[in-house]
Each structure stands twice: as structure tokens, then as C-alpha cells.
Amino acid sequence: MKKILLLSDTHSYIDERILHYAKKADEVWHAGDIGHLKVTDAIETLNPLRAVYGNIDDDKIRATHPL
């Protein structure tokens, strides 16, 4: 069975606890309000990531993670 970590509303915050769970997942889905690309960059070093932008995300994030 595939393990998917689903998260959202990180608002530029990433810590070891989030990364701990990301390591245990087979894939990570971020459902918006990323805040800063450092969040998705850190997750992508561990596992495949699918992400969409949220209403707080700037043009750079929107271009990188479209709907």
C-alpha cells in the first residue's frame, strides 16, 4: 500500500517533525498555502512531491506548482 503524506498551510514553515513524516511517506501532497519554495524544496529532497498553490502564494510558487 502506498503511503501519502497530505499537508497544507505551511506558510513558509518547515521543521524536522514535518520532514520526519515526509521521509516515512512514499509521496507527499501539499494542498496549498506553501508560503516559500524552501518548504517544497526540502520535501522534494526526500520523496516525490505533488503540490498546488494557495491564495497566499506568490507568482513564483504559482508557476512552480500550478493548480
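Okay, so when I say nonpolar core, I mean a set of buried Ala, Val, Leu, Ile, Met, Phe, Trp, Tyr and Cys residues joined through side-chain atoms within 4.5 Å. Keep in mind that this is a predicted model.

With that in hand, look at the largest such core here, which has 14 residues. Who touches the most other members? That would be Leu5, Leu7, Val28, Ile34, Ile43 and Leu49. As for the elements that put two or more residues into this core, we have strand S1 (4-7) and strand S3 (49-51), plus helix H1 (16-24) and helix H2 (37-44).

Let me stay with Leu49 for a second. Leaving out anything up to four places away in sequence, Leu49 touches Val28, His30, Thr40, Ile43, Glu44 and His65. Two of the names there, Val28 and Ile43, are also on that list of core residues with the most partners.

Now, zooming out. The chain has three helices and three strands, and from the N terminus on they go β-α-β-α-β-α. The radius of gyration is 11 Å, close to the 11 Å from the globule rule for 67 residues, so the chain is as compact as a globular protein of that length. Along the principal axes, the C-alpha atoms fill a box of roughly 35 × 20 × 15 Å.

A few chain-wide values to finish. Buried residues are 36% of the 67. If you take contacts with a separation of 6 or more, 32% of them link residues 24 or more positions apart. The accessible surface is about 4,400 Å², with 53% of that belonging to carbon and sulfur atoms. And on charge: 9 positive, 11 negative, with their mean positions 7 Å apart.

Terms used: Residues numbered from 1 in each chain as written. Predicted model: local features only at pLDDT ≥ 70, side-chain atom pairs only at ≥ 80, totals over all residues. Heavy atoms only, no water. Buried < 20%, exposed > 50% of the residue type's maximum accessible area, 1.4 Å probe, protein only. Helix = DSSP H or I, 4+ residues; strand = E, 2+ residues; numbered from the N terminus. Contact = heavy atoms within 4.5 Å. Rg over C-alpha atoms; globule rule 2.2 N^0.38 Å. Areas by Shrake-Rupley, 256 points an atom, 1.4 Å probe, with all protein chains shown as cover. Lys, Arg positive; Asp, Glu negative; His and termini not counted. Charge placed at Lys NZ, Arg CZ, Asp CG, Glu CD.
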